[in-house]
Amino acid sequence: MENSFKRFAGQLAEFIDVSRDGYAIFSADDILLCANKAFLEVFFRPETELIGQSFVEIMHTAFRTQKGPRIDADNIDSWLNRIQQLRRSRDFRLFEVDLVDGRWFLFSEQTLPGGEMLIQAKDITKQKIVEQHLNEHTRRLTDLALTDELTQIANRRSFVASVQAEITRCSRQRCAMAFFLLDIDHFKNVNDSYGHQAGDEVLRQVARLIKSTLREYDIFGRIGGEEFGIFLAQTNRDTAVEVAERLRQQIADEKMHIEGRELRITLSVGIALARDKTSFEQLYADADAALYQAKHSGRNKVVVAEYCVIL
Ligand SMILES: Nc1nc2c(ncn2[C@@H]2O[C@H](COP(=O)(O)OP(=O)(O)OP(=O)(O)O)[C@@H](O)[C@H]2O)c(=O)[nH]1
């Protein structure tokens with residue numbers, strides 16, 4: 001029985017020697033006792049240099065020579081302090097390590113009852129590349145799902161979701177909110193006179209212009225067709241009217257260059273205001289009623305929904 005175990009241990013040692021996974025044993029006082037080739041290659045250092053060194057010395061050299069694990073720190077000592085608190089904090093630990101040369105390893109640390117530590121390092125570079133591609137793909141798909149293809153601003157779905165989240169936050173903090181519905185005037189004429197592509201270009205330019213005048217945290221999106229929405233948190237009636245007027249004026253003053261021709265367009269804006277609990281549907285309905293008035297009182301106008309006058 002003992003002989004067969006010795007044979008097994010001998011074979012295991014042979015396998016470990018040629019394994020693509022790194023293996024190493026540190027003593028209870030963190031001196032590297034032995035390591036196979038794959039482990040030495042993680043640090044780009046020969047056995048004669050590495051064996052007998054402490055974990056701290058090995059990491060200092062890795063940091064100085066920029067060979068081995070990527071150490072994102074200005075100060076290696078404070079980095080080591082942090083790592084030393086994690087090391088041996090449990091009998092078994094599993095963590096990912098990326099190397100300066102771009103490889104990734106899954107490290108496991110197993111502490112034996114006597115304090116020695118067995119380390120296994122598995123090369124997971126290929127899985128990591130696949131994972132990064134998948135993440136990038138997911139991010140692009142998410143962007144596509146949330147962005148209006150024509151204007152590259154938030155589409156209806158993502159605009160409504162962002163506004164709903166802000167309404168919840170503003171209602172909790174009882175802060176004033178303003179919601180604008182903006183609609184290009186006589187847009188059908190643009191399409192009819194200049195063609196659909198020219199219409200598309202007008203939509204793109206209007207979206208770009210509006211976006212450039214808003215603050216970073218204002219929510220702006222294309223609700224559909226030639227209709228845009230803006231949500232402003234912590235905005236009272238006077239400020240809302242001032243912002244909307246400025247936008248309306250800016251669009252009216254802009255000479256658009258569409259397919260070699262100069263074009264001027266105007267916007268009508270309906271504003272809804274709220275302070276207490278409200279919903280996207282409520283704000284939309286109020287702003288839509290105000291927009292209807294703006295359209296029917298001559299267009300190129302800003303109208304605040306009637307009941308909001310008190311705000
Ligand atoms: N080029 C282009 N046109 C669009 C798009 N979406 C909607 N439209 C057009 O926008 C026009 C909207 O027309 P109407 O709803 O009659 O409104 P309007 O002509 O702007 O008139 P008022 O809103 O009353 O001032 C329609 O002709 C739609 O075909 C788009 O993505 N691209």
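**A walk from the central sheet to the ligand**

Let's start with one pair of residues: Val269 stands opposite Val302 in β12. The model you are looking at is predicted, so local features are reported at pLDDT of at least 70 and side-chain atom pairs at pLDDT 80 or more, while totals for chains, interfaces and linings use all residues. Residues are numbered from 1 along each chain as its sequence is written. Helices (H or I, at least four residues) and strands (E, at least two) are DSSP runs, numbered from the N terminus.

That valine pair belongs to a wider arrangement. Strand β11 (residues 267–274) and β12 run parallel and are joined by three bridges; two strands count as paired if DSSP finds at least two bridges between them. Both are part of an open sheet of five strands, in the order β7-β8-β6-β11-β12, with mixed pairing. At its edges are β7 (219–224) and β12 (302–304), each pairing on one side only. From one strand to the next, the twist averages 20°.

Two helices lie across this sheet. Helix α10 (residues 237–253) crosses β6, β8, β11 and β12, running at about 165° to β11. Helix α9 lies across β6, β7 and β8 (227–233), at about 160° to β7. Axes here are lines fitted to C-alpha atoms, for helices over the stretch in contact, and the angles run from 0 to 180 degrees between N-to-C directions.

Next, the packing. A residue is buried if 20 or more other C-beta atoms lie within 10 Å of its own, exposed if 12 or fewer, and partly exposed in between, with C-beta atoms placed from the backbone. A nonpolar core is a set of buried Ala, Val, Leu, Ile, Met, Phe, Trp, Tyr and Cys residues joined through C-beta atoms within 7 Å. The largest such core has 43 residues, of which Phe180, Val269, Ile271, Ala272, Ala287 and Ala290 touch the most other members. Strand β6 gives the most to this core, with seven residues. Leaving aside residues up to four places away in sequence, the contacts of Ile271 include Phe180, Val241, Ala287 and Val303; contact means C-beta atoms, placed from the backbone, within 7 Å. A second, separate core of 17 residues includes Phe26, Ala38, Phe43 and Met117.

Helix α10 also holds Thr239. This threonine counts as partly exposed because it has 13 C-beta neighbours inside 10 Å.

Other elements are hardly covered. Helix α5 (residues 76–86) has zero buried residues among its eleven, and just after α5, Arg88 takes a positive phi of about 65°. Strand β3 (residues 92–98) likewise has zero buried residues among its seven. Seven bridges join β3 to strand β4 (residues 104–111), and the two run antiparallel. Within this pair, Phe95 stands opposite Phe107 in β4. The two strands form a hairpin with five residues between them, and Gly102 in the turn has a positive phi of about 100°.

Finally, the ligand. It is surrounded by 16 residues, the closest being Asp185, Phe187, Lys188, Gly199 and Gly225; a residue is near a molecule if its C-beta atom, placed from the backbone, lies within 6 Å of it. Elements β6 (177–184), α8 (187–194) and α9 (196–213) each supply at least two residues of the shell, and α9 gives the most, with four.
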